[in-house]
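Welcome, and please open your viewer. Keep the selection panel at hand, and we will go from stop to stop together.

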Amino acid sequence: MNGLLLGQGVLSGVAVVILIAVPVLLIFFGLILMITRYRRCPSNRILVVYGRGTGERSAKCVHGGGVFVWPVIQDYQYLSLEPITIEIELTSALSKKNIRVAVPSTFTIGISTEATIMQNAAERLLGLSDEEIATQARDIILGQMRLVIATLTIEEINQDREKFLDLVNKNVNYELNKIGLYMINVNIRDITDESGYITALGQKAAAEAINQAKIEVAAAEREGAIGTATANRERDVQVAQQKTASETGQKEAEREMRIKVAALEAQGISGEADAKRSQDVAVAEQGARTIEGQKQAEADQRIRVASLEANAVEGENDSKAKVASYEATLAEARAEARRRGDVALAQSARDVLMAEKEQELARMEKEVIAKEMIERQQVEISAEAEAERQRRIAKGEADAVLAKYLAEAEGIQKVLEAKAEGYRQLIETVGDRPELAPSLLIIEKLPELVAEQVKAISGLKIDKITVWDSGVSGESGTGSTGSFLRGLIGSLPPIHELAKQTGIDLPDYLGAVEEVQQVQAEKESDPPEDPATS
């Protein structure tokens, strides 16, 4: 009994342990499973989970973060987002104008993180190495580059790089996106062509004006070369035809001659045979027939030989004609190639001349025109300065003259005003006798009048006056001295008349007017003595 109870206790303890251990183990394994199956995605990779539980799509793409990957029913792989550099050595790509160009370039591509494109990458690039991805991308890029170049001209490719790169970007990206890639960058290293057309375009852009004359010269030379080649070809053809016709006629004549000769020989032989046959009819009949047959056979042989020779000559002539035609075609091709080379050389020379012209113009503009402009500006500045100086001097002189005249006018005005004031005071002074005013003014001016009178005899030079006075008085009762003084005084202007006209009484020391007038009256009254009576 005790043993049974002990066994039951042990069993119950084991059951408890099992009941505790199983959940713990399940939890532990669950944690281990969670840890080992939870996958984190680095920023430079894409985590692709595939299998069941990925929805309608074949795979689930995760960029950044993490996701739980169920065991057994799911698995995962990574896609690298690191850029892939692809060197594209594109050569002999046919452009729009059928000119083949070489466009070496470098493309940088990578797997896109956009949802749709990333899904395409998961479906088409998963498990491929970088080299395999680059190979697929290179094929796509080469095809699209050729497609884009075929839609553009050389000028558009070389000059409008933006348009060219835009088309490349659009076309290449569209195709790369289909397999989950996208173009990060494209670098066109160079654009060249086999014929040197791009180089010629560059030179043409540098100097386009002078090339017009060169082009006309090249065109004239081209026309001349074409005309020469055409004439040579026609000459060769006609010569070959004439030779053929000549040789054909010659061969036909030879053939006719041979036929006729053979016929005559046959007739001769036939005649001989007939004669022999007449002579030896029985014996030679069989031999004559045999000979005739042999001759006929020989004639037929010769005819066939001649016919074959004629055919051979005809074939030879046809071959020569074809050879001549081929040579003419080759000459045309050589002329065309030479013309293109000459055009390119002419264009290059024109570009060089245009560049030299521009350089010479720039040099002249720098060394001559700029110097002339500087000298002209210096002369203009000097002239303007001199003119300004002259204007200022003239203006200063005019201002000085104007100031002088203004000062003089002001002085004259003040003098006149002073005189007017003096006259007004004089009028006020004379009061009721205004007739005294002129007398006072004349008195004021009398010294000046006397001075003017004295000037009348001031010029006389009288060193010495000798008066011989006999003491005998004349008829007037005066001596010689008195008569001399009276005459001298009488020669003076009539001051007293002047004073009298003005109503002024001269002082006594100036003498009396009446005595002088009396003497004058006496002289006028006495008639002159007749010289005959005296």
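## Getting your bearings

Colour the chain by confidence to begin: this is a predicted model, with a mean pLDDT of 82 for the chain and 84% of residues at 70 or more. Now switch to a cartoon view, where the chain shows twelve helices and nine strands. Of its 534 residues, 19% count as buried. Contacts between residues at least 6 apart in sequence are worth drawing too, since 67% of them join residues at least 24 apart.

Where does confidence peak among the elements, and where is it lowest? Helix 3 has the highest mean pLDDT, 93, while helix 12 (residues 513-525) has the lowest, 54. Select residues 528-534 next: pLDDT stays under 50 there, and the model gives this stretch one contact beyond four places in sequence. Where pLDDT is low, the predicted coordinates should not be read in detail.

## The N-terminal helical span

Select residues 12-35. The unreviewed UniProt entry annotates this range as "transmembrane region". In the model the span is 100% helix and 0% strand, and its end C-alpha atoms lie 35 Å apart.

## Into the largest core

Show side chains for V103, F107, M145, F164 and L181. Of the 43 residues in the largest nonpolar core, these five touch the most other members. Helix 3 (residues 130-150) supplies the largest share of this core, seven residues. Both domain 1 (17-80) and domain 2 (82-195) contribute at least three residues each.

Centre on V103 and display what surrounds it. Not counting residues up to four places away in sequence, V103 touches I88, L90, M145, I149, F164, I188, D190 and I191. Apart from the largest core lies another one, of six residues; select C41, V62, V67 and V69, which are among them.

## Strand 7 and helix 2

Move to V101, found in strand 7 (residues 100-111). Is V101 buried or exposed? Its relative accessible area is 2%, so V101 is buried. Leaving aside neighbours within four places in sequence, V101 is in contact with L90, T91, S92, A93, I149, I154, T192 and D193. Try a distance label between V101 and L90: their C-alpha atoms are separated by 8.4 Å, and they sit eleven residues apart along the chain.

Now select helix 2 (residues 115-124), where I117, M118, Q119, N120, A121 and A122 are buried. To see what covers these residues, add strand 2 (45-51), strand 3 (59-62), strand 5 (74-80) and strand 7, then helix 5 (161-177) and strand 8 (181-188), all included in that cover.

## Helix 6 against helix 8

Select helix 6 (residues 197-206) and mark I198, A200 and L201, which are buried. Turn the view to look down the axis of helix 6: its buried residues fall within an arc of 155°, so they line one face of the helix. Which elements do the buried residues of helix 6 pack against? Their partners are helix 4 (154-159), strand 9 (192-193) and helix 8 (281-430).

For the last stop, pick D351, which belongs to helix 8. This aspartate has a relative accessible area of 4%, so D351 counts as buried. Beyond its neighbours within four places in sequence, D351 is in contact with A200, Q203, K204, A207 and N211. Keep A200 highlighted as you finish: this buried residue of helix 6 is one of the contacts of D351.

How values were computed. Residues are numbered from 1 along each chain as its sequence is written. This is a predicted model: local features need pLDDT of at least 70, side-chain atom pairs count only at pLDDT 80 or more; totals for chains, interfaces and linings use all residues. Side-chain values use heavy atoms; hydrogens and water are left out. A nonpolar core is a set of buried Ala, Val, Leu, Ile, Met, Phe, Trp, Tyr and Cys residues joined through side-chain atoms within 4.5 Å. Buried means under 20% relative accessible area, exposed over 50%, partly exposed in between (1.4 Å probe, protein chains only). Helices (H or I, at least four residues) and strands (E, at least two) are DSSP runs, numbered from the N terminus. Domain bounds come from an automatic or database domain assignment. Contact means heavy atoms within 4.5 Å. UniProt positions are given in the numbering used here, feature names are shortened, and annotations may be inferred rather than shown by experiment. pLDDT is the predictor's confidence in each residue, from 0 to 100. The arc is that of the directions from the helix axis to the C-beta atoms.
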